[in-house]
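Biologist: I would like to learn how to read helix packing and strand pairing in a model. Please take me through one example.

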Amino acid sequence: MTYTFDQARIERVHRFLRSRVADGGVRALAMCLSLDGGRRSSWSYGTRDGEEPVTPKSRFLVASLSKPVTAAVLMRLVEAGELTLQTPVSSVLPSFTGEGREKIRVIHLLTHTSGLPDMVAQNVALRERHAPLGAFFDEVCRTKPLFESGSDNSYQSMGFVVISTLVERLTGRRFAEFAREELFVPAGMYDTHFGLPDHESGAEDVQVELPEGQREIDYHWNSPYWRRLGAPWGGLISTVGDLTTFLRLFVERGPLAKATARAMTTNRLRGLGPRFSAWGLGFKIKGESPDDVGAGAGHGSSSATSSGAVGAARSASDIFASPGAAHNRTYFGELSSAASFGHSGATGCVMWLDPSTSLSCVLLTSNPRILRDAALPRVANMVAASVG
């Protein structure tokens, strides 16, 4: 069946997003919708820095949208037979031992069932001294897991620094370099980077709207340190067009094998009990109850330092995710199918694709608080209703 966009309904989406910028709810946003056959509709509103207009080519820091991208980079090695989803991490990284880490397998990292914490206790201290990614991995190797791997489901950003370390150990190349050469360039994602390239200042990128008390911190989301770190759990810089291209890899031909696309977008935790949310490999799966935050009830599905946040909460105005936000799926809306997959990012970004219609939606904004109001499910419903 061939699907098309109802332009009158698409205009409703335009009006709604324009109003969000006009009333000061968000300074900058860009959106891209796509259906089969390369049909895309992209637009943007607002300014990237208070003056220069945002365009669909503007780059955003997309926070935890990094995670499914990192997962896809690792899957290139699974395709090449360098490791399997059942490979014990310690067999590749010998320092990843003790406290039960020997039982953690690759699939546990990708499905948030490893028992690793979202952020290590030294998270703020590491960022204050502008530590490299290797220092975060070293700290993970000293951190006791929250539970035995595979026995529970708790959101874990630190699992993704382990993934990037696996990639570097197996390839002998920097993770950001391998991601660009083996996934981004072959897919045509030329404006996507894990960390700013050395020759770029990032001056033209959209800046995150930070609350008072964080703008002066020299490791926040807009700082040169964070923008260049390229954190595999939250440091990806990209555009709505490139992220749409990424989503289309899972329903159209591209550098990822069809079997890989299927494996990443299938619920890997089905049948394990009510405490397990629906997760693919790096992707959230909508499931039957998108408003069910699910998962990790005993251990906490998020923390004050979740997925790309800049440190421990310092005031009531901080922008960190509330407990459970990491597993919240309301941004899928009520009208998309249960098989829809995607992810949200704490900087105010979401992306998802509904396989039932092949509709993909990428919405990048400058305001983290958009994740806390009812805007996203309203947008998702209007977008889903525009396909006929």
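Modeller: This is a predicted model. Start with two helices that pack: the crossing of H1 and H11 is left-handed.

Biologist: What describes two packed helices?

Modeller: The general description uses the angle between the two axes and the distance between them. In this model, helix H1 covers residues 7–22 and helix H11 covers residues 375–385. Their axes come within 8 Å and cross at roughly 160°. That angle is over 145°, so H1 is roughly antiparallel to H11.

Biologist: Which residues in H1 and H11 meet?

Modeller: From H1 come Arg9, Arg12, Val13, Phe16, Leu17 and Arg20. From H11 come Ala375, Arg378, Val379, Met382, Val383 and Ala385. Sorted by class, the contact between H1 and H11 has eight nonpolar and four charged residues, with no polar ones.

Biologist: Now the strands. In what order do the six strands of the open sheet lie?

Modeller: Read a sheet by the neighbours of each strand, then look for its edges. The order here is E2-E1-E9-E8-E7-E6, and the pairing is antiparallel. The edges are strand E2 (40–46) and strand E6 (284–285), each of which pairs on one side only.

Biologist: How many bridges link E1 and E2?

Modeller: Strand E1, residues 28–34, pairs with E2 over seven bridges in the antiparallel sense. Within that pair, Cys32 stands opposite Ser42 in E2. H11 also packs on this sheet, where it touches E1, E8 and E9, and its direction makes about 145° with that of E9.

Biologist: Which other helix lies across E1 and E2?

Modeller: Helix H9 (residues 240–248) does, and it also lies across strand E7 (341–345), strand E8 (349–354) and strand E9 (359–365). H9 runs at about 150° to E9.

Biologist: Is E7 mostly covered or uncovered?

Modeller: For a strand, check burial residue by residue, and note which way each residue points. E7 is mostly covered, with five of its five residues buried. Phe341, His343 and Gly345 point one way, while Gly342 and Ser344 point the other way.

Biologist: How many bridges join E7 to E6, and how many join E7 to E8?

Modeller: Two bridges join E6 to E7, and the two strands run antiparallel. Ile285 stands opposite Phe341 in that pairing. Five bridges join E7 to E8, again antiparallel, and the bridge partner of Gly342 is Trp352 in E8.

Biologist: What do E7 and E8 form, and how many residues lie between them?

Modeller: They form a hairpin with three residues between the strands. In the turn, Gly348 has a positive phi of about 105°.

Biologist: There is also an open sheet of three strands; what is its order?

Modeller: The same reading applies. The order is E3-E5-E4, with antiparallel pairing. Strand E3 (60–61) and strand E4 (193–194) are the edges, each pairing on one side only. E3 and strand E5 (residues 236–238) pair over two bridges, and Phe60 stands opposite Ser238 in E5.

Biologist: Finally, the chain as a whole: how many helices and strands does it have?

Modeller: It has 11 helices and nine strands. Of the 388 residues in the chain, 61% are buried. Among contacts with a separation of 6 or more, residues 24 or more positions apart account for 70%.

Note on methods: Residues numbered from 1 in each chain as written. Predicted model: local features only at pLDDT ≥ 70, side-chain atom pairs only at ≥ 80, totals over all residues. Heavy atoms only, no water. Axes fitted to C-alpha atoms, helices over the stretch in contact; angles between N-to-C directions. Helix = DSSP H or I, 4+ residues; strand = E, 2+ residues; numbered from the N terminus. Parallel < 35°, antiparallel > 145°, perpendicular 65-115°, else oblique. Left-handed = near helix turned anticlockwise from the far one by under 90°. Contact = heavy atoms within 4.5 Å. Nonpolar A, V, L, I, M, F, W, Y, C, P; charged D, E, K, R; others polar. Pairing = 2+ DSSP bridges. Buried < 20%, exposed > 50% of the residue type's maximum accessible area, 1.4 Å probe, protein only.
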